[in-house]
Amino acid sequence: MISPVSVISPPAAGLLDPELDGLGVVLIDGGARLRVWSDSADAIDLVVFDDTDLDWITATDPLVAIGGGVWEITTPLLRPGTRYAIRVDGPHAPGNTFNRGTLLLEPYSRGLVRTGYDGWRSEVVHGSFDWAGVAKPAIPMDRTVLYEGHLKGMSKRHPDVPGALRGTYAGLAHPAMVQHFLDLGVTSIELLPVHAFTTEPRLLQHGLTNYWGYNSLNFFTPHAAYATEDARRQGPEAVLREFKGMVKLLHEAGLEVILDVVYNHTAEEGIGGPRSSLRGIDNRAYYRQQEDGAYIDVTGCGNSVDTSTDAAARLVLDSLRYWANDVQIDGFRFDLAATLGRDAGHVFTPEHPLLRAILDDPALAGAKMIAEPWDVGMGGWQTGNFGDGWSEWNDRYRDRVRNFWLSDVDYARRASTSPVGIGGFANRLAGSANTFADVRGPLASVNFVTAHDGFTLRDLVSYDVKHNLGNGEHNRDGADTNRSFNHGAEGPTDDERILATRRKAMRNLLGTLLLSAGVPMLTAGDEFARTQRGNNNAYCHDSVLTWLSWEHAPWQQDLYSHVRHLLRLRRENPALRPSRFARLGERTPSASVMEWYDEHGETMSIERWTDPSHRTLQYVAASTPEFERFNRVLLMVHGTERPIEVTLPDVEGVASFVSLWSSADETPSESAEVFGPGDTVALAGTSMRLFRAE
C-alpha cells in the first residue's frame, strides 16, 4: 500500500508527460519505490550508506528502465532515515556529463544531510505532521500586504525571542514575531529562498557566504541551517517538522507564508562547477545548451534550467505541489520567472506549458502566483506580459515612484525645475493600467519601492551611490542606477535639516506604496528605517549588516507608527484597493472610479499632466461596492519643495473632507480635521495628505 503522505498526484491531464508520475521516493509497506528520470542514461544505481558513516556504502542496487526515461527500484533498503545517493552512467557526447563515479543527490529528495566540505546525501523522510485542522488563511488579493524578509535576519537579533530560536523557523513563528506582524498590519510573510541552498566556492574564497539563498541545491528540502540546533541534530525529519510547525503557527495567527522560489538555475553553476544532481543525471535535458554543449545562460548564474523539456517542467511543478499541499504554503514568488517561460527556442512566451500548468493545476488552486517578470537574456524584460492569474513585481512602479520623490527633486534643486510632470506617477498610483491588461486589473501589479535587492528605504534617501566594497568585487557589483537622493550629504550626517527632509521623503515613499492601487510589498525593516550602510547588494553578508535591529530611536518608532497607521487606513478604505479597473461609462464591481483635480480644485487639463512646473495633484477614488460598503477618498500629492495652498474640489455628493493622514507630520495625527469643498489646505513642500470624502 502506498503511503498517502508521499504520493504526488498527477497534474491536469494533457499538460505534461503522465509517464513522469511518482518520481522520487514513495514509501510502501516494507520499504519504498524510487523513480528517477533520465532519458540519456545507460544505467542508474541506488547507493545506500551506513546510518552513521556517510562515506561507508552498505549496498548498491541497479534501477530498471520502465519506459519514458523513467528508472525504478522497489526495495526494503529505503526506509525513513536511510541516507542514499544515485550513480548515473551514460554515453559521452556533446552536452552529456555522465560519470558513474559521482554520487548524486536524487532530485526529489525530501531530506538532505551534509558530508564533508561539499558533499551531500539524500535522506528518506516520512513527513507526517498533525495540522490539527489549521487551514490556510486564504486572504483575498485586494487585502494582501506582502512583507518580504529573510528567514534568519528577521528574528536573529530580536531580544524577546529566546536565543536558541533566533534566526530559525521556530523563531519566525515565536509570539514576539507574530505580534509584530499583526501589530504592523501585514498579511503575508514572503520569505527569501528557504529551499536547500549552498554557497558558491568563489564567495567562500573571500570569506563570505550566500546569505540570500538564490543558489538552490534541491527543490524539495527546507534549508537545514535555518532550523534550531536541536532539530538539526535530530536530522531532516525534525527540520521538516519544525518548518511545518512554523507554517502552522503563522496560519493560526491568520498570516500567510509565501516562498521565494528559485527554479531558473541551480547551484551546479556553469560547466566546470559542482556536479551534484541534475548535471550528472541528464545534463542535456535539464539545462539550456547550444548544440556543442555550451550553456545558454539567461540567469547570469552560470546555468539556466530548460523548462521546455517535460522532465524539468515537471520537476518544478511537482515541487510547487509538494510545498503547497504537504507543507501548506500559500503562494510563491518566482525568481527570474521569464526564464521559466522560455520555449525550446529560448524565447519567452506567456502561454508556455509550465506557466499555464502552474495556473491550471487543481493541486495549486488558490495559491498566490507572483512573477519576477524578467531575466538577463535576450527579450528578458517582460513586465506586464504574463498571463491572467499571475501577479508581477512592477519595476516600472518602483522606478517612477523613486523618480518622483527622489531623483526628480534632486534634478529640480540643480535646474530649478523638475524634469517631468505628474502624469506618469499618477498612472502608477492608480494601478498601472498602461502596463497590465484590463482583464488582469490592478491586482496584477505587486507594487514595491524597495526589495531585498538594492538599497533599503533609509539608504535610498541617504546615498547617491552604492557602497559595496565589503562584497569583495571592488564596488563593481550591484546596480549603478538607483534613482536615490542623499538630500545633501552622503550617508550619516548630523544636519537636522537634511535628516528631517530624509524622514519626510521616507514617509512619502511609504505613503505612496501603501495608498496605491495594486498589491503592496513592504521590505522587512523599512518600517523602522533599517540601513545597510549604503550596500545595495548585500547578498553575501550574514551579519548585523543584514539582520534586522530591534533597538530603535524615537524617530524610527515614529516611522513605524506611520506605516501601521497607513496599513489601517488601507484596510478601512476599500476605494484604495480596487480589484478591477473602472471603465468609462460603465459600472464595474470592485473598481474605483477616479477623478483628477489640480491644486485649484479644477479638473486636470491635458497640459498639466505633462508640465514639469505643475506637480500637484488631487486624486479622488470612489469604490464601486461588491462586497464592502461604499467608500470615497481624496489624496493630495505635491511633488516640489515649495509649500503650496491647495483648494479642495467640488465633487458631486461630497459635503466634507475628513483628514486622515499627512506625510508632513513627524507622528501620525489623530485630529481628523474637517474641511469643505472650496476650502484651502496648506501643503508642505514634497508631501502628501489623505482625506475621507463624506
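## Naming and model

Helices are DSSP runs of H or I with at least four residues, numbered from the N terminus. This is a predicted model.

## The barrel

Eight strands close into a barrel. Their order is E10-E11-E12-E13-E14-E15-E16-E17, and the pairing is parallel. Direction ignored, neighbouring strands of this sheet are turned by 30° against each other on average.

One pairing in the barrel joins strand E13 (residues 331-334) to strand E14 (residues 368-371). Four bridges hold this parallel pair. Gly 331 has Lys 368 of E14 as its bridge partner. Helix H6 packs on the sheet. H6 touches strand E11 (188-191) and strand E12 (256-261). The direction of H6 makes about 135° with that of E12.

## The open sheet

A separate listing of strands gives an open sheet with five members. The order is E4-E3-E7-E9-E8, with antiparallel pairing. Strand E4 (57-62) and strand E8 are the edge strands. Each of these two pairs on one side only. On average, neighbouring strands here are turned by 35° against each other, direction ignored.

At the E8 edge, five bridges link E8 and E9 in the antiparallel sense. Arg 114 stands opposite Trp 120 in E9. In a regular strand, side chains alternate between the two faces of the sheet.

## A hairpin

Strand E5 (residues 64-67) and strand E6 (residues 70-75) run antiparallel. Three bridges join them. Ala 65 has Trp 71 of E6 as its bridge partner. Two residues lie between the strands of this hairpin. In the hairpin, Gly 68 takes a positive phi near 70°.

## The largest pocket

The volume of the largest pocket is about 1,200 Å³. Its lining counts 42 residues. Closest to the centre are Trp 212, Leu 336, Glu 372, Asp 453 and Asn 537. Helix H11 (residues 395-415) gives the largest share of the lining, four residues. By class, the lining of this pocket has 13 nonpolar, 13 polar and 16 charged residues.

## The second largest pocket

The second largest pocket has a volume of about 920 Å³. Its lining is made of 42 residues. Arg 114, Trp 120, Phe 197, Thr 198 and Leu 217 lie nearest its centre. Arg 114 and Trp 120 are thus listed here, and they are also the residues that stand opposite each other in the pairing with E9.

Which elements give two or more residues to this lining? They are strand E8 (111-115), strand E9 (119-123), helix H4 (201-205) and helix H6 (236-252). H6 is the helix that packs on the barrel sheet, while E8 and E9 belong to the open sheet. By class, the lining has 20 nonpolar, 12 polar and 10 charged residues.

## Aromatic pairs

A search of the whole structure finds 29 aromatic pairs. One pair is formed by Tyr 169 and Tyr 226, with ring centres 6.1 Å apart. Why is the pair of Tyr 169 and Tyr 226 edge-to-face? Planes over 60 degrees apart count as edge-to-face, and the planes of these two rings stand at 80°, so the pair falls in that class.

This pair also links two parts of the chain. Tyr 169 lies in helix H2 (residues 169-172). Tyr 226 sits in the loop between H4 and helix H5 (229-234). The pair therefore ties together parts that are 57 residues apart in sequence.

Definitions and conventions:
Residues are numbered from 1 along each chain as its sequence is written. Side-chain values use heavy atoms; hydrogens and water are left out. On a 1 Å grid over the protein atoms alone, a cavity is a set of points where a 1.4 Å probe fits but cannot get out, and a pocket is an open set with protein on both sides within 12 Å along at least five of seven lines; lining residues have an atom within 4 Å of a point. Grid points are joined across faces, edges and corners, and a volume is the space filled by probe spheres set on the points. Ala, Val, Leu, Ile, Met, Phe, Trp, Tyr, Cys and Pro count as nonpolar, Asp, Glu, Lys and Arg as charged, and the others, Gly among them, as polar. Two strands pair if DSSP finds at least two bridges between them. Axes are lines fitted to C-alpha atoms, for helices over the stretch in contact, and angles run from 0 to 180 degrees between N-to-C directions. Contact means heavy atoms within 4.5 Å. Rings of Phe, Tyr and Trp (its six-membered ring) pair if their centres lie within 6.5 Å; planes under 30 degrees apart count as stacked, over 60 as edge-to-face and the rest as tilted.
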